[in-house]
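This report looks at how a sheet is put together, at a few of its residues, and at the space enclosed by the protein. The sequence and the structure are shown first.

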Amino acid sequence: MELEVLEQALSVCKVAFVSEIDLNRGLYFIGRTDGELSLVCETNAVPAQALAREDGWRALRVVGPLDFSLTGILSKIA
């Protein structure tokens with residue numbers, strides 16, 4: 001299994017509303033729990049209204065397709 005380090009500088013932030021996120025700006029991931037709405041995005045695309053942010057993150061990409069039926073992928077990557 002081959003991993004690729006993505007070049008983009010990323011930030012993890014907490015936002016109040018999905019409407020604050022520009023979904024047309026590069027790489028992003030949105031996660032929601034019962035307690036918060038989190039966004040991982042390129043550092044240059046952090047919403048001005050972000051409630052909190054942590055810069056300096058990078059991402060890894062698994063090169064090639066992964067079959068959804070595969071088990072133990074995370075342990076293999078780790």
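Asp 55 is partly exposed, because its relative accessible area of 41% falls in between the limit for buried residues, under 20%, and the limit for exposed ones, over 50%. The model in which this value was computed is a predicted one. Asp 55 has its place in strand E5, and this strand covers residues 52-57. Although Asp 55 and Leu 10 are 45 residues apart along the chain, their C-alpha atoms are separated by 6.3 Å.

The bridge partner of Asp 55 is Ser 11, a residue of strand E2, which spans residues 10-15. Is Ser 11 buried or exposed? With a relative accessibility of 0%, Ser 11 counts as buried, since the cut-off for that class is under 20%. The side chain of Ser 11 takes part in a polar contact with the side chain of Asp 55 at 2.5 Å, and in another with the side chain of Thr 43 at 2.9 Å. Ser 11 and Asp 55 are thus linked both as bridge partners and through a polar contact of their side chains.

**The sheet**

Strands E2 and E5 belong to an open sheet of four strands, in which the order is E3-E4-E2-E5 and the pairing is antiparallel. The edges are held by strand E3, residues 28-32, and strand E5, residues 52-57; each has a single partner strand, and therefore one side of each is left without a neighbour in the sheet. On average, and with direction ignored, neighbouring strands of this sheet are turned by 15° against each other. The table sets out the pairings, each with one pair of bridge partners.

| Strand pair | Sense | Bridges | A pair of bridge partners |
|---|---|---|---|
| E3 and E4 | antiparallel | five bridges | Arg 32 and Leu 37 |
| E2 and E4 | antiparallel | six bridges | Lys 14 and Ser 38 |
| E2 and E5 | antiparallel | five bridges | Ser 11 and Asp 55 |

How many residues make up the hairpin connection from E3 to E4? Four residues lead from E3 to E4 in this hairpin, and strand E4 itself is made up of residues 37-42. In general, the side chains of a regular strand alternate between the two faces of the sheet.

**The enclosed space**

When the whole structure is searched, one cavity of 30 Å³ or more is found. The largest cavity holds about 50 Å³ of space. Which residues line the largest cavity? Its lining consists of Ile 21, Asp 22, Arg 25, Tyr 28, Leu 39, Cys 41, Ala 45 and Pro 47. Sorted by class, this lining has six nonpolar residues and two charged residues, with no polar residue among them. Among the lining residues, Tyr 28 falls within the range of strand E3, residues 28-32, while Leu 39 and Cys 41 fall within that of strand E4, residues 37-42.

**A residue of strand E6**

Arg 25, one of the residues lining the largest cavity, can also be set against Val 62: the two are 37 residues apart along the chain, and their C-alpha atoms are separated by 22 Å. Val 62 is found in strand E6, which covers residues 60-62. With a relative accessible area of 22%, Val 62 is partly exposed, because the buried class requires a value under 20%.

Conventions. Residues are numbered from 1 along each chain as its sequence is written. This is a predicted model: local features need pLDDT of at least 70, side-chain atom pairs count only at pLDDT 80 or more; totals for chains, interfaces and linings use all residues. Side-chain values use heavy atoms; hydrogens and water are left out. Two strands pair if DSSP finds at least two bridges between them. Helices (H or I, at least four residues) and strands (E, at least two) are DSSP runs, numbered from the N terminus. Axes are lines fitted to C-alpha atoms, for helices over the stretch in contact, and angles run from 0 to 180 degrees between N-to-C directions. On a 1 Å grid over the protein atoms alone, a cavity is a set of points where a 1.4 Å probe fits but cannot get out, and a pocket is an open set with protein on both sides within 12 Å along at least five of seven lines; lining residues have an atom within 4 Å of a point. Grid points are joined across faces, edges and corners, and a volume is the space filled by probe spheres set on the points. Ala, Val, Leu, Ile, Met, Phe, Trp, Tyr, Cys and Pro count as nonpolar, Asp, Glu, Lys and Arg as charged, and the others, Gly among them, as polar. Buried means under 20% relative accessible area, exposed over 50%, partly exposed in between (1.4 Å probe, protein chains only). A polar contact is a pair of N or O atoms within 3.5 Å; within protein, one must be able to donate a hydrogen and the other to accept it, and residues adjacent in sequence count only if both atoms are side-chain atoms.
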